[in-house]
Amino acid sequence: MKVQLTPDAAQWVEAEIAAGTFPTAEDAVRYAVSELRVNALRATLDAAVAEGGSHTTAEVRAHVREHLEKRKPPATTP
């Protein structure tokens with residue numbers, strides 16, 4: 001997949017690579033996408049807490065685990 005970044009986003013990626021934060025542009029973009037997904041999950045959880053839901057700790061942990069599993073890269077076999 002090819003992605004065209006806005007000039008601001010490309011500048012951020014280049015600055016992060018120059019600073020040594022990420023070795024490649026792909027790593028920087030992968031991190032940004034991952035953070036977006038985590039923030040969306042946090043917003044969902046915060047909204048659920050604000051509603052005063054009746055989920056058990058085990059249910060919340062299972063939900064979080066499910067979403068974290070989706071973030072893991074696929075396993076590679078040698």
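Colleague: What phi does Gly 20 take, just after α1?

Modeller: Helices (H or I, at least four residues) and strands (E, at least two) are read as DSSP runs and numbered from the N terminus. In this model Gly 20, just after α1, takes a positive phi of about 85°. Before going further, please keep in mind that this is a predicted model, in which local features need pLDDT of at least 70 and side-chain atom pairs count only at pLDDT 80 or more, while totals for chains, interfaces and linings use all residues. Residues are numbered from 1 along each chain as its sequence is written, and side-chain values use heavy atoms, with hydrogens and water left out.

Colleague: Where is confidence lowest, and where is it highest?

Modeller: The score to consult is pLDDT, the predictor's confidence in each residue, on a scale from 0 to 100. Where pLDDT is low, the predicted coordinates should not be read in detail. Here the protein has a mean pLDDT of 87, and 92% of its residues reach 70 or more; confidence is lowest in helix α3 (residues 57-71), at a mean of 85, and highest in α1, at 96.

Colleague: How many helices and strands does the secondary structure come to, and what span should α1 have?

Modeller: There are 3 helices and 0 strands, and the pattern read along the sequence is α-α-α. As for the span, the expected value for a helix is 1.5 Å times one less than its number of residues. By that rule the 12 residues of α1 should span 16 Å, and the end C-alpha atoms of α1 are indeed 16 Å apart, which agrees.

Colleague: Why is the protein described as more spread out than a compact globule?

Modeller: One compares the radius of gyration, taken over C-alpha atoms, with the globule rule, which is 2.2 Å times the number of residues to the power 0.38. For these 78 residues the rule gives 12 Å, whereas the radius of gyration is 17 Å, well over that value, so the protein is more spread out than a compact globule. Taken along the principal axes, the C-alpha atoms fill a box of roughly 45 × 40 × 25 Å. His 55 and Ala 18 give a further distance to look at, being 37 residues apart in sequence and 45 Å apart in space, C-alpha to C-alpha.

Colleague: Is His 55 buried or exposed?

Modeller: A residue is called buried under 20% relative accessible area, exposed over 50%, and partly exposed in between, with a 1.4 Å probe and protein chains only. His 55, found in the loop between α2 and α3, is exposed, because its relative accessible area is 58%. Leu 45 lies in helix α2 and, at 27% relative accessibility, counts as partly exposed. Across the protein, buried residues make up 8% of the 78 residues.

Colleague: How many aromatic pairs does the structure hold?

Modeller: Rings of Phe, Tyr and Trp (its six-membered ring) pair if their centres lie within 6.5 Å; planes under 30 degrees apart count as stacked, over 60 as edge-to-face and the rest as tilted. The structure holds 2 such pairs. In one of them, the rings of Trp 12 and Phe 22 have their centres 6.1 Å apart and their planes at 55°, so the pair is tilted. That pair links distant parts of the chain, with Trp 12 in helix α1 (residues 7-18) and Phe 22 in the loop between α1 and α2 (25-51), 10 residues apart. The rings of Phe 22 and Tyr 31 have their centres 5.3 Å apart and their planes at 45°, so this pair is tilted too. Trp 12, Phe 22 and Tyr 31 form one aromatic cluster, in which Phe 22 is buried, with a relative accessible area of 12%, while Trp 12 is partly exposed at 35% and Tyr 31 is partly exposed at 41%.

Colleague: How many salt bridges does a search of the whole structure find?

Modeller: A salt bridge is a side-chain nitrogen of Lys or Arg within 4 Å of a carboxyl oxygen of Asp or Glu, and the search finds 2. The side chains of Arg 30 and Asp 27 meet at 2.7 Å, N to O; because they are 3 residues apart in helix α2, about one helical turn separates them. Arg 30 is exposed, at 52%, whereas Asp 27 counts as partly exposed, at 24%. In helix α3, Lys 70 and Glu 66 lie 4 residues apart, about one turn of the helix, and their side chains meet at 3.7 Å, N to O. Glu 66 is partly exposed, with a relative accessible area of 43%.
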